[in-house]
Amino acid sequence: MNKKAEKILNTTIKLFIHEGVKKITMDDIAEKASASKVTIYKYFMDKDSLYLEVGKRIFSHFTDNLNNIMVSDDVLIKKLYDYLNAVSEFTNSGQFDLGIELTRYNQDVETEFKLYSQAYRDSMFTLIDKGMRDGLFKSGLDKDMIFHYIDMGIVYYQQSSEYRNKVLNDSIFKQQFLLFYISNIFVDGAKMLSLPYEVI
């Protein structure tokens, strides 16, 4: 994809996030991207194909972020923090909600979402397996239980703007809640939170 098409795509993502998918017209995109509608249609046949390209960009970019974390040489705890940071950034940026919205308008975006969901699941299980081998998790916990417990927290973070705002704007609540949350599965939750890595 050339620079002009990239600019159109990135502009579209910003407009969709801030104004809403259904409110934005091709004229709006052309104006903000400093491009003619003819140029937009040269790269994107119609709004449906634009939905697909935006969905692909959103989900593939996040999947690439997860893959980069997984192949890094960082220690496991750093990877865990980076993983959660990537998920929270994906949510905080509005791109996750946009991607989900686009699955309602284009069936092929749903396929991209499924690919992302599988990568998300596979990478988290890889981290959990390693964490279990390293003795980070409490003994007797099943890895499926650990996955669903962590996933439950992530999904709630994604779906509850009230909780998300509380975590982002109240550092005392964030620290106390995260300690409460992770102490149910990690051997030493306080130690995990005291390490020099940022987490959601």
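**Entry 1: two rings in one helix**

I started in helix H10, which covers residues 171–182 and holds both phenylalanine 177 and phenylalanine 180. They are three residues apart, about one turn of the helix. I noted straight away that I'm working with a predicted model.

I checked how the two rings sit against each other, and they form a tilted aromatic pair. I got 6.3 Å centre to centre and 50 degrees between the planes.

Next I asked myself how exposed each ring residue is. Phenylalanine 177 comes out at 27% relative accessible area, so I wrote it down as partly exposed. Phenylalanine 180 reaches 57%, so that one counts as exposed.

**Entry 2: lysine in the H10 helix**

I stayed in helix H10 and looked up lysine 174. Is lysine 174 buried or exposed? I found a relative accessible area of 19%, and lysine 174 counts as buried because the cut-off is under 20%.

I also took its C-alpha distance to threonine 63, and that came to 26 Å. Along the sequence, lysine 174 and threonine 63 are 111 residues apart.

**Entry 3: aromatic pairs elsewhere**

How many aromatic pairs does the structure hold? I have 24 in my notes. I picked out phenylalanine 59 and tyrosine 116, which are stacked, with 5.3 Å between the ring centres and 25 degrees between the planes. This pair links distant parts of the chain: phenylalanine 59 belongs to helix H4 (residues 47–71) and tyrosine 116 to helix H7 (residues 107–133), 57 residues apart.

I looked up the accessibility of both partners. Phenylalanine 59 is buried at 1% relative accessible area, and tyrosine 116 is buried as well, at 5%.

Then I followed the ring pairs further and ended up with a cluster. Phe59 and Tyr116 are in it, and so are Phe62, Tyr83, Phe90, Phe96, Phe113, Tyr120, Phe125 and Phe147.

**Entry 4: lysines over rings**

I went looking for charges on ring faces and wrote down two cases. Lysine 22 lies over the face of tyrosine 105, and I have 4.3 Å from the ring centre. Lysine 166 has its charged end over the ring of phenylalanine 173, 5.4 Å from the centre of that ring.

**Entry 5: a leucine in the first helix**

I jumped to leucine 15 in helix H1, residues 3–19. Its relative accessible area is 11%, so I filed leucine 15 as buried.

What does leucine 15 touch once I leave aside its neighbours within four places in sequence? My list reads Gly20, Ile24, Asp28, Ile29 and Lys32. I also checked leucine 15 against leucine 136, which is 121 residues along the chain, and their C-alpha atoms are separated by 42 Å.

**Entry 6: the whole chain**

Last, I zoomed out. I counted 11 helices and zero strands in the protein chain. The C-alpha atoms fill a box of roughly 60 × 30 × 30 Å along the principal axes.

Of the 200 residues, 44% count as buried. I took the contacts with a separation of 6 or more and found that 67% of them join residues 24 or more positions apart.

For the surface, I have about 11,200 Å² exposed by the protein chain, with carbon and sulfur atoms supplying 52% of it. For charges, I wrote down 25 positive and 28 negative side chains. The centres of those two sets lie 3 Å apart.

Terms used. Residues numbered from 1 in each chain as written. Predicted model: local features only at pLDDT ≥ 70, side-chain atom pairs only at ≥ 80, totals over all residues. Heavy atoms only, no water. Phe/Tyr/Trp six-rings, centres within 6.5 Å; stacked < 30°, edge-to-face > 60°. Helix = DSSP H or I, 4+ residues; strand = E, 2+ residues; numbered from the N terminus. Buried < 20%, exposed > 50% of the residue type's maximum accessible area, 1.4 Å probe, protein only. Lys NZ or Arg CZ within 6 Å of the ring centre and 35° of its normal. Contact = heavy atoms within 4.5 Å. Areas by Shrake-Rupley, 256 points an atom, 1.4 Å probe, with all protein chains shown as cover. Lys, Arg positive; Asp, Glu negative; His and termini not counted. Charge placed at Lys NZ, Arg CZ, Asp CG, Glu CD.
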